Amino acid sequence: MAANRTIFGENLAVLDQKVFLLARKTMQQIATTAEALEKYDREIALKVIENDSELDALELEINDDAILLIAKQQPVATDLRRLITAIKIATDLERIADYAGNISKAVLRVETFPYVIDISLLKQAFETLLDMTETAIVAYRDGDIEKAKALSDLDNIIDETTYKALRQYMRHMSLQPVVVDEIMQFTNICRYIERMGDHLTNVGEHLIYLEKGKHYDLNN
């Protein structure tokens with residue numbers, strides 16, 4: 001029995017490392033996407049899109065490993081919550097990476113550089129998004145509920161920043177109808193960043209569930 005417990009603990013540690021790896025790769029995708037946008041670098045944008053399949057595969061691997069452990073070990077209480085949390089966090093991280101790919105695709109659809117609009121607010125939102133991702137990683141590593149809760153405040157900053165950017169871009173659309181298609185790509189980027197923040201908030205909720213065993217809404 002003790003040997004089985006040791007093996008289970010080792011398998012759980014391996015699963016945690018895969019979740020951390022997915023989180024770091026997701027953070028790198030965010031940073032690379034921000035660089036592609038800032039520099040209007042089509043090669044970097046294509047690299048983000050190409051890398052997405054690697055993150056998809058890692059998410060599936062985490063899910064398969066967790067489900068196999070549940071089936072073989074039939075864990076209860078905290079152990080079961082940790083496995084369920086790993087699956088949920090991996091799903092949210094994969095969705096964030098998907099949105100990074102969507103932003104890179106939007107960059108590729110833009111045909112004018114320098115851009116027809118100011119992207120300084122988008123750059124700010126990306127910086128907050130990277131801070132948020134790092135906070136989520138540390139919260140998971142340390143089991144830190146306060147850091148998990150802090151994700152809500154960072155998400156609010158992202159919401160406010162992307163809302164300001166959207167309003168700015170909508171004004172440009174009315175003043176410069178000839179570049180509506182271009183500006184629409186940036187409004188889409190605003191929405192993608194906002195959704196990425198929402199998924200990181202979900203990660204915080206999953207971490208609180210892991211530590212406390214109860215659900216907590218960080219979106220209120």
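## A proline in the α3–α4 loop

P114 sits in the loop between α3 and α4. The peptide bond leading into P114 from F113 is cis, with omega near 0 degrees. For context, most residues other than glycine have a negative phi, and most peptide bonds are trans. Keep in mind throughout that this is a predicted model.

## The overall layout

Take the whole chain next: it has six helices and zero strands. Following the sequence from start to end gives α-α-α-α-α-α. Along its principal axes, the C-alpha trace spans about 70 × 35 × 20 Å.

If you like contact statistics, here is one: of the contacts in the chain with a separation of 6 or more, 82% are between residues 24 or more positions apart. Of the 220 residues in the chain, 50% are buried. The accessible surface is about 11,000 Å², and carbon and sulfur atoms own 51% of that. As for charge, the chain carries 25 positive and 37 negative charges, and the mean positions of the two sets are 3 Å apart.

## What fills the core

How many residues does the largest nonpolar core have? The count is 67, and the residues with the most contacts inside this core are L37, L122, Y169, F186 and I193. The elements giving two or more residues to this core are α1 (2-39), α2 (42-73), α3 (77-109), α4 (120-142), α5 (145-175) and α6 (180-212).

Y169 is worth a click in your viewer. Setting aside residues up to four places away in sequence, Y169 touches I117, D118, I119, L122, I183, F186, T187 and C190. Two of those partners, L122 and F186, were already named among the core residues with the most contacts.

## Along α6

Helix α6 has 33 residues. From its first C-alpha to its last, α6 reaches 48 Å, close to the 48 Å expected at 1.5 Å a residue. Just after α6 comes G213, whose phi is positive, near 75 degrees.

G197 lies in α6 too. Is G197 buried or exposed? Its relative accessibility is 0%, so G197 counts as buried. Beyond its neighbours within four places in sequence, G197 is in contact with L129, M132, D155 and I158. Measure from G197 to Y169 and you get 20 Å, C-alpha to C-alpha, for a pair 28 residues apart in sequence.

## A buried alanine in α1

At the other end of the helix list, A34 lies in α1. Its relative accessibility is 15%, and the cut-off for buried is under 20%, so A34 counts as buried. A34 and T85 are 51 residues apart in sequence, with their C-alpha atoms 28 Å apart in space.

## Positive phi around the α2–α3 loop

Which loop holds Q74? Q74 lies in the one between α2 and α3. The phi of Q74 is near 45 degrees, a positive value in a residue other than glycine. With 63% relative accessibility, Q74 counts as exposed.

A77 also has a positive phi, about 50 degrees, although A77 is not a glycine. Unlike a loop residue, A77 lies in helix α3. Its relative accessible area is 51%, and exposed means over 50%, so A77 counts as exposed.

Technical notes
Residues numbered from 1 in each chain as written. Predicted model: local features only at pLDDT ≥ 70, side-chain atom pairs only at ≥ 80, totals over all residues. Heavy atoms only, no water. Core = buried A, V, L, I, M, F, W, Y, C linked by side-chain atoms within 4.5 Å. Buried < 20%, exposed > 50% of the residue type's maximum accessible area, 1.4 Å probe, protein only. Helix = DSSP H or I, 4+ residues; strand = E, 2+ residues; numbered from the N terminus. Contact = heavy atoms within 4.5 Å. Areas by Shrake-Rupley, 256 points an atom, 1.4 Å probe, with all protein chains shown as cover. Lys, Arg positive; Asp, Glu negative; His and termini not counted. Charge placed at Lys NZ, Arg CZ, Asp CG, Glu CD. Expected span 1.5 Å × (residues − 1).
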